[in-house]
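Reader: Please show me the model, and then let me ask about it piece by piece.

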Amino acid sequence: MKHPMVCALVGGVLLVSAVNAAEPADAQAPAAGAAERDASRNGTPDAYRIGPEDMLQISVWKNEAMTRTIPVRPDGKISLPLLNDVQAAGLTALELREVLTQKLVEYIPSPEVSVIVSDVRSFKVSVIGEVARAGRFELKSWTTVLDALALAGGFTQFAARSRIVILRPAGTAMKKIPFNYNKLAGEQENFYLQNGDIVLVP
């Protein structure tokens, strides 16, 4: 009878192998597939984009009234004095800084604005199906498919590891990205998940 720790180590190695290669399900999105592969090679995805529930620290030099820590509302906007509602979701911190600077020019000469994402709360992915702990996970850093499967406790004995699918929001539709865990050591690449992704293990 195998030692339980040996079994756990073997299971962990197998899990790491399986998440390495995901390519777009259809030929209509070659650019997305290339971006995912580049992200895997470079080790870092694109710059983080602000989302609902994130906490932002907005600072305006020499203007305490405009300096505050505020949440991004579910509609993706923030509320500030003078400016009222400003769209924040979908922008990087640098892009939002530029937007705020342009808007504040009407009220403050040469405003010096800084934007810091003080607490990431919008980056969430779900893992469902034949895993030990299905659920929605709030992430604080870039996470690969393999990382998400590990968070979900790995596979059940009934999992179809070669037929994993990542469902990715694409406007009003969902793009399907196949992921073959059994080919992680070869053809399959492990890649970074995006906010809202759903890892489906049949």
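Author: What follows is a set of questions and answers on this predicted model.

Reader: How many helices and strands does the chain have?
Author: From the N terminus on, the elements run α-α-β-β-β-β-α-β-β-β-α-β-β-β. Counted by type, the secondary structure comes to 4 helices and 10 strands.

Reader: Over which residues is the pLDDT below 50?
Author: The chain averages a pLDDT of 83, and 78% of the residues score at least 70. The pLDDT is below 50 over a stretch that still has 87 contacts in the model beyond near neighbours in sequence. That stretch is residues 1-43.

Reader: What percentage of the residues count as buried?
Author: The accessible surface of the chain comes to about 11400 Å², and 56% of this surface belongs to carbon and sulfur atoms. To count as buried, a residue must have under 20% relative accessible area. Of the 202 residues of the chain, the share that counts as buried is 38%.

Reader: Which strands stand at the edges of the open sheet of 5 strands?
Author: The strand order in this open sheet is 7-6-10-8-9, with mixed pairing. An edge strand here has a single partner strand, so one side of it is left without a neighbour in the sheet. The strands at the edges are strand 7 (135-138) and strand 9 (173-179).

Reader: By what angle are neighbouring strands of this sheet turned against each other on average?
Author: The sheet in question is the open one with the order 7-6-10-8-9. With direction ignored, the average turn between its neighbouring strands is 25°.

Reader: Which strand pairs with strand 10 in the antiparallel sense?
Author: Strand 6 (residues 124-129) and strand 10 (residues 198-201) run parallel and are joined by 4 bridges. Among the bridge partners here are Ser126 with Ile198, and Val127 with Val199. The antiparallel pairing has 3 bridges, and one of its pairs is Val165 with Leu200. The antiparallel partner of strand 10 is strand 8 (residues 164-170).

Reader: Which residues make up the covered face of strand 10?
Author: Strand 10 has two faces, and its uncovered one holds Ile198 and Leu200. The covered face is made up of Val199 and Val201.

Reader: Is Val199 buried or exposed?
Author: Val199 is found in strand 10. Leaving aside neighbours within four places in sequence, its contacts include Ser126, Val127, Ile128, Leu149 and Ile164. The relative accessible area of Val199 is 0%, so the residue counts as buried.

Reader: What separates the C-alpha atoms of Val199 and Lys176?
Author: Along the chain, Val199 and Lys176 are 23 residues apart. In the model, the separation of their C-alpha atoms is 9.9 Å.

Reader: Why does Thr92 count as buried?
Author: Thr92 lies in the loop between strand 4 (84-87) and helix 3 (93-104). Not counting residues up to four places away in sequence, it touches Ala47, Tyr48, Arg49 and Ile50. Thr92 counts as buried because of its relative accessibility, which is 11%.

Reader: What percentage of contacts between residues at least 6 apart in sequence join residues at least 24 apart?
Author: Residues are in contact when they have heavy atoms within 4.5 Å. Among the chain's contacts between residues at least 6 apart in sequence, the share joining residues at least 24 apart is 57%.

Conventions: Residues numbered from 1 in each chain as written. Predicted model: local features only at pLDDT ≥ 70, side-chain atom pairs only at ≥ 80, totals over all residues. Heavy atoms only, no water. Pairing = 2+ DSSP bridges. Axes fitted to C-alpha atoms, helices over the stretch in contact; angles between N-to-C directions. Buried < 20%, exposed > 50% of the residue type's maximum accessible area, 1.4 Å probe, protein only. Areas by Shrake-Rupley, 256 points an atom, 1.4 Å probe, with all protein chains shown as cover. pLDDT = per-residue confidence, 0-100.
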